[in-house]
Amino acid sequence: MFVPKLYRSEDLNLMKTIISENSFALLISSVDKIRATHSMFILNENDPENVYLETHISKVNPQAKTLKNGDEVLCDFLGAHAYISSSWYDHINVSTWNYEAVQIYGKVELMNHDELYTHLETLTAKYEKFQQCPMMVKDMGKEFVEKEMKGAFGIKITPSEIFIKQKLSQNRKEHDFYNIVSHLEESTDDNAKKVAEKMKLIKK
């Protein structure tokens, strides 16, 4: 991902927020050919000295059949994003797109049985806790879960490079900046409203 200095962030808390709110992301590898799988990610922070990403894909996925310990992958997370019309400026210019994104390069480590089980417990709990009648992994019975696990390929990814991008009209003069915010707030699109909020935050 190309990240001009103006849009580059070193804020790891921002990175964590983007990953947490946009966990369904791309796992990209190029062992034999370029492959990409949409999958659910978790940022494991149990050990502050050893933070890593977790995900799992189907064992029959060609990507699972090629990945092994030590391989490099790219994890791509797209956060809030919205179209920015050139009609919102007080001068002639081009339209663009505002967005937040995180890309993490890292080394693969295959999960063992217990790690995969814990990963599935944590992932399920993250989303089931909002349900009216949550169905946690413990409620499914260990025998059933372990049977299903046979089809899952779990991996941990230790980051080697992290890129955090916030392209939020930082290059616009104040009048145009707040005019963009105003138009985004009037939109019926939730993403547009999120971008408006993000833009206001960087001005605080």
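This is a walk through the model above, stop by stop, with what to select and what is there.

**Before you start**

The model is predicted, so local features are limited to residues with pLDDT of at least 70 and side-chain atom pairs to pLDDT 80 or more, while totals for chains, interfaces and linings use all residues. Numbering starts from 1 along each chain as its sequence is written, and side-chain values use heavy atoms, with hydrogens and water left out.

**Stop 1: the whole protein**

Show everything as a cartoon. The C-alpha trace spans about 65 × 45 × 30 Å along its principal axes. You'll find seven helices and seven strands; here helices are DSSP runs of H or I with at least four residues, strands are runs of E with at least two, and both are numbered from the N terminus. Follow the chain from the N terminus and the order is β-α-β-β-β-α-β-β-α-α-α-β-α-α.

Now colour by accessibility. Of the 204 residues, 41% are buried. Buried means under 20% relative accessible area, exposed means over 50%, and partly exposed is in between, with a 1.4 Å probe and protein chains only.

**Stop 2: α6 and α7**

Select residues 174–186 for helix α6 and 190–202 for helix α7. How do they pack? Their axes are 7 Å apart, at an angle of about 150°. The axes are lines fitted to C-alpha atoms, for helices over the stretch in contact, and the angles run from 0 to 180 degrees between N-to-C directions. That makes α6 and α7 roughly antiparallel to each other: the label applies over 145 degrees, with under 35 being roughly parallel, 65 to 115 roughly perpendicular and the rest oblique. The α6 and α7 crossing is left-handed, meaning that the near helix is turned anticlockwise from the far one by less than a right angle (clockwise would be right-handed).

While you're in this region, click on Ser 169, in the loop between β7 and α6. Ser 169 isn't a glycine, yet its phi is positive, about 60°. Ser 169 is also buried, at 3% relative accessible area.

**Stop 3: salt bridges**

Side chains of opposite charge can pair when their charged atoms come close. The rule here asks for a side-chain nitrogen of Lys or Arg within 4 Å of a carboxyl oxygen of Asp or Glu. By that rule there are 10 salt bridges. Here are some to pull up:

- Asp 32 and Arg 35: their side chains meet at 2.7 Å, N to O. Asp 32 is partly exposed, at 46% relative accessibility.
- Lys 138 and Asp 139: the closest N and O atoms are 3.4 Å apart. Lys 138 is exposed at 65%, while Asp 139 is partly exposed at 42%.
- Glu 109 and Lys 156: the closest N and O atoms are 3.4 Å apart. Glu 109 sits in strand β6 (residues 96–110) and Lys 156 in strand β7 (residues 152–167), so this pair ties together parts that are 47 residues apart in sequence.

Stay on that last pair. Is each partner buried or partly exposed? Glu 109 is partly exposed, with a relative accessible area of 38%, whereas Lys 156 is buried at 9%. Add Glu 115 to the selection too: salt bridges that share partners join Glu 109, Glu 115 and Lys 156 into one network.

**Stop 4: a nonpolar patch**

Switch to a surface view and select Met 135, Met 140 and Phe 144, which make a nonpolar surface patch of about 260 Å². Patch residues have over 30% relative accessible area and no salt bridge; nonpolar side chains (Val, Leu, Ile, Met, Phe, Trp, Tyr) are joined within 5 Å, and like charges within 9 Å. The areas come from the Shrake-Rupley method with a 1.4 Å probe, and for residues only the protein chains shown count as cover.

Phe 144 is in helix α5 (residues 142–149) and is partly exposed at 43%. Met 135 lies in the loop between α3 and α4 (137–140), and is partly exposed at 40%. From Met 135, measure across to Thr 124: the two are 11 residues apart in sequence and 8.1 Å apart in space, C-alpha to C-alpha.

**Stop 5: two more distances**

Leu 120 is in helix α3 (residues 113–128) and is buried at 15%. Leu 120 and Val 137 are 17 residues apart in sequence and 7.4 Å apart in space, C-alpha to C-alpha.

Finish at Gly 79 in strand β5 (residues 72–84), which is buried at 4%. The C-alpha atoms of Gly 79 and Leu 201 are separated by 15 Å, with their positions 122 residues apart along the chain.
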